Amino acid sequence: MDERQHQTRADEGQRTAARRRVVIVGAGMAGVQTAVALREQGFTGTVTLIGAEPHQPYDRPPLSKAILLGKAEDSAFDIDFEALGVELRLGLEVTRVRTGAHEVDTVSGPVPYDVLVLATGAEPVTLPGTVGVPGVHLLRTLDDAARLRPLLTEQHDIVVVGAGWIGAEFATAAREAGCRVTVVEAAGRPLAGTMPAEVAAPMAAWYEQHGAELVTGARVEAVEPGAVVLAGGRRIPAGAVVVGIGARPATSLLAGSGIELGPDGAVVADRYLRASAPDVYAVGDCASYPSGRYGERLLVHHWDNALQGPRTVAANIAGDQEPEPRALEAYDPVPYFWSEQFGRFVQYAGHHGAADTLLWRGSPAEDTWSVLWLREGVLVALLTVGRPRDLAQGRKLIVSGTELDPARAADPSVPLKAAAR
């Protein structure tokens with residue numbers, strides 16, 4: 001091929017790329033960051049971002065903190081979508097995906113796509129028998145936070161169902177607002193679904209220290225006006241009930257689409273974050289992916305995953321538009337999240353499911369401590385309470401797959417990086 005032919009093919013490729021239509025379903029962190037990353041990666045086609053909520057796209061972590069306490073009115077992303085050439089279609093629900101026709105159906109009619117990105121996030125699990133019951137709340141959207149904020153201001157008695165991460169964060173905010181707070185947990189300890197007993201048990205004391213009552217091993221029998229009734233008959237006064245018992249991928253719109261879902265309801269993505277249907281990607285809370293680092297499929301419902309995954313999706317979409325397509329990028333990060341609760345800053349990195357050794361750095365009776373998980377001597381995960389340096393150093397050690405000296409790693413006076421063999 002001579003230079004003129006090569007240039008002609010390149011020009012044709014650019015014209016084709018400029019006509020490609022990327023439609024992103026979901027205007028949360030994962031969807032917004034995908035749109036931004038596409039432009040950063042040089043994608044020149046059209047980008048349409050569809051969100052079911054009418055609000056300008058916003059970040060969710062402040063919902064359980066600053067917005068709930070009235071310290072901020074909103075958490076809208078500081079992004080000029082018009083300048084980026086991103087079409088926003090807000091307040092528009094997607095009802096179905098038709099992969100054969102390369103279209104998504106909405107209440108306003110079909111929207112065609114060349115490439116579809118599913119960034120639908122997760123939806124909270126509801127407490128059976130409480131849907132539509134007055135006084136029962138979830139905390140996922142800006143409107144949810146707006147409904148809950150006056151209840152905190154008026155210092156109602158609050159019952160939180162679920163002692164997971166979101167339950168603890170809401171209980172923290174409610175106590176800060178001066179509410180009387182009772183947290184009801186069906187398991188025998190907080191964080192039963194995510195942390196082993198020896199790690200979660202010390203956290204139970206945090207509730208009492210900050211004036212919140214934690215009731216474990218308790219099942220909600222009914223929610224009545226002004227009260228929550230537990231199995232066994234105990235009645236707990238409740239001006240409001242907040243349910244935080246988990247979340248599931250928001251993928252019901254994919255019924256009949258032919259896109260594979262896992263038993264957990266998540267889109268089954270490959271290591272490049274491609275779904276099973278052609279020209280479809282999935283990112284964030286709605287998708288699971290195979291981790292080569294951990295040797296299993298992961299479903300990560302945390303903010304950092306919704307920030308990191310879009311960069312991979314955008315790189316793979318943009319790379320495919322070039323005259324000489326780039327090699328696909330695989331997605332295999334070290335999972336990370338943080339939580340602010342009861343005056344403590346808790347961070348976690350990695351995945352401890354296959355660990356064979358647990359090491360403490362410091363005592364859980366103290367204000368600051370860390371827990372390390374090792375597999376065959378190599379750090380695979382850590383949780384830190386008020387020890388950000390441990391987290392920063394540990395995250396790098398996980399990435400490098402470094403073996404640690406257990407004795408030095410367990411000594412909180414030794415920098416974690418200095419425990420590397």
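Start by selecting Arg387 and Asp390: both of them are buried. Keep in mind as you click around that this is a predicted model. Now show the side chains of the pair, and you'll find that Arg387 and Asp390 meet in a salt bridge, 2.7 Å from N to O.

Leave Asp390 selected and add Arg361. Here's another salt bridge, with the closest N and O atoms of Arg361 and Asp390 3.0 Å apart. Color strand S24 (residues 357-361) and helix H9 (residues 388-400) next: Arg361 sits in the strand and Asp390 in the helix, so this pair ties together parts that are 29 residues apart in sequence. Like Asp390, Arg361 is buried.

Next stop: Glu221 and Arg219. Their side chains also join in a salt bridge, at 3.3 Å from N to O. Glu221 is partly exposed, with a relative accessible area of 47%.

Then pick Arg96, Arg98, Glu103 and Asp105 together, and you have a network of salt bridges linking these four. In total, the count of salt bridges comes to 16.

Time to zoom out. Switch to cartoon view and you're looking at 10 helices and 26 strands. Line the view up with the principal axes, and the C-alpha atoms fill a box of roughly 80 × 55 × 35 Å. The radius of gyration is 23 Å, which agrees with the value near 22 Å for a compact globule of 421 residues.

Finally, turn on the surface. The chain exposes about 18,800 Å², with carbon and sulfur atoms supplying 49% of that, while buried residues make up 50% of the 421. Color by charge to finish: the mean positions of the 39 positive and 51 negative charges are 2 Å apart.

Terms used. Residues numbered from 1 in each chain as written. Predicted model: local features only at pLDDT ≥ 70, side-chain atom pairs only at ≥ 80, totals over all residues. Heavy atoms only, no water. Helix = DSSP H or I, 4+ residues; strand = E, 2+ residues; numbered from the N terminus. Rg over C-alpha atoms; globule rule 2.2 N^0.38 Å. Buried < 20%, exposed > 50% of the residue type's maximum accessible area, 1.4 Å probe, protein only. Areas by Shrake-Rupley, 256 points an atom, 1.4 Å probe, with all protein chains shown as cover. Lys, Arg positive; Asp, Glu negative; His and termini not counted. Charge placed at Lys NZ, Arg CZ, Asp CG, Glu CD.
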